[in-house]
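Visitor: I am new to reading protein models, and I would like a close look at a single part of this one. Please take me through the largest pocket, and then through whatever else helps me find my way around.

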Amino acid sequence: MKIKRRLRSAIESAAARTGVLNRFERGARHGFTILTYHRVLPAERCAHAPFPSLVMPDVAFREQMRRLASQFEVTTISAGLARITSGELPERPLVAVTFDDGYVDNATHAAPILNEFGLRGTFFLVHDFVVHGRELWFERVARLEAATPALVERLKGLDTAERERTVDELCSAASAEPAEERDGPMSRAQVLALIDAGHEIGSHTLTHPILTRSDTASLGREVRESKLGLEGWLGAEVPGFCYPNGDNDERVQAVVRDAGYRWACSTDAGRNHAPLARFELQRIDVTPSRVTDHNGAYSELAFRSEISLLRSALRGGEAR
Ligand SMILES: [Zn+2]
C-alpha cells in the first residue's frame, strides 16, 4: 500500500511538473464537479469511528475547502445545475460539496468550516435516522463484535425486508451493546440552521436500503415518504435525492422523478456536463486515504489529482 501510494505521489508530482495536472484542472471549467463526503471530525476521533474511511479529519477538510474557495465557484447542487442549464458558465469552475447520511458532525464540524470560507453545501439526510433517531443499519452491524466489511457488503446484497430481519437477528443474538456511545444525527434545530445559512437539504431515503433490490412498495415508500417527511419536518422543499450506495437503475430513477424530485446523485465518478443526466449526477468520492501521501499526511496534490479526475484517468476511468 505504501509503495503504491509512493508511486502514485511520484506520478502526480510528474503530472504537476509537466502541466498534465493543469490540463485536467482546466477540464473542470466546462462542467459541474460534485464532491462526496460523509463525516468530518477532529483527527483523534477519526480512528474510533465505525467506518474510518468515511471520516475526513477536520484539519484536512479545512485545507480542501480553502483550496476550493480560492479556485472554484462553490454552489449547492440546485444552484449549480441552474448555472449549467443557463449556459452561462462562471469564471471559475463549478463545484458542489455534498454530505451523505446526516451525522451530527456535519453541523458541528463540517458546516462551521464551510461557513468560515463562505461556502454552501448540500446535505443528504436519512429520514428515520435524523427524524426518529433510529440508528443506521450498517452502524448497528458495525457494533457487532463479528462485524467485518465483508459482512456489511453481504448485507447490502439482501432486499430491504430480509436485511432488516437479518440485522435484527444478528444484533439480538450477539446482544450488541446499547448504542450510548454512538454518534447520532443532526437535530432539527441544527438542520434548520443549515437551511438558514443557505445550505441545501436533500433526501437519502427513510432507512438507507439498496433501492435496486427493494420491491416496488418499499422503493416507493423510501423515495416518497422521505421527501414528504423531511419537508413536513423542516417546512422547506427538499429538491434532490441521493441513492444509498449510489445504486440506481431505470426503475429506481422513474420512481424518484415521479416523486417530484428535480435531480438525484449517484456515486459514479465523473463530472457533469450539459445536457445533464439530472437523475444520474456523478460525484467524486473524497476519502481520507485518497488525499494523503505515502506518509499519511494530507496532500493538496493528491486532492487536486482526485477532483480534477487525473486519478480516475490513471485508474483507467473516463475523464471528460
Ligand atoms: Zn449513505
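Guide: A good place to begin is helix α9, which gives the most to the lining of the largest pocket, with 4 residues. Please keep in mind throughout that this is a predicted model. Helix α9 covers residues 149–156, and together with strand β5 (94–101) and helix α8 (137–142) it makes up the elements that give two or more residues to that lining. In total the largest pocket is lined by 30 residues, and those lying nearest its centre are H38, L54, E153, K156 and N245. If you sort the lining by character, you find 12 nonpolar, 10 polar and 8 charged residues, and the space they surround has a volume of about 740 Å³.

Strand β5 also leads us to the metal site. The zinc ion is coordinated by D101 through OD and by H204 and H208 through NE2, at 2.1 to 2.2 Å. Along the sequence these donor residues follow the spacing D-x102-H-x3-H. Because D101 lies in strand β5 while H208 lies in the loop between β7 (200–203) and α12 (216–234), the pair ties together parts that are 107 residues apart in sequence. Both D101 and H208 are buried.

The model also holds enclosed spaces, and the count comes to 4 cavities of 30 Å³ or more. The largest cavity has a volume of about 50 Å³, and its lining includes H38 and L54, along with residues such as T36, Y37, D285 and P288. Strands β1 (32–37) and β3 (55–57) are the elements that give two or more residues to this lining, which divides into 6 nonpolar, 4 polar and 2 charged residues. H38 and L54, as you may recall, are also among the residues nearest the centre of the largest pocket.

Finally, let us turn to one residue in a loop, S308, which is found between α14 (300–307) and α15 (310–314). With a relative accessibility of 3%, S308 counts as buried, because the cut-off for that word is under 20%. The side chain of S308 reaches the backbone oxygen of R304 at 2.8 Å. Once its neighbours within four places in sequence are left aside, S308 is in contact with L21, F24, E25 and R271.

Terms used:
Residues numbered from 1 in each chain as written. Predicted model: local features only at pLDDT ≥ 70, side-chain atom pairs only at ≥ 80, totals over all residues. Heavy atoms only, no water. Buried < 20%, exposed > 50% of the residue type's maximum accessible area, 1.4 Å probe, protein only. Polar contact = N/O pair within 3.5 Å; in protein donor to acceptor, adjacent residues only side chain to side chain. Contact = heavy atoms within 4.5 Å. 1 Å grid on protein atoms, 1.4 Å probe; cavity = no way out; pocket = protein on both sides within 12 Å on 5 of 7 lines; lining within 4 Å. Points joined across faces, edges and corners; volume = space filled by probe spheres on them. Nonpolar A, V, L, I, M, F, W, Y, C, P; charged D, E, K, R; others polar. Donors = N, O, S within 2.8 Å, 3.2 Å for Na, K, Ca; no water.
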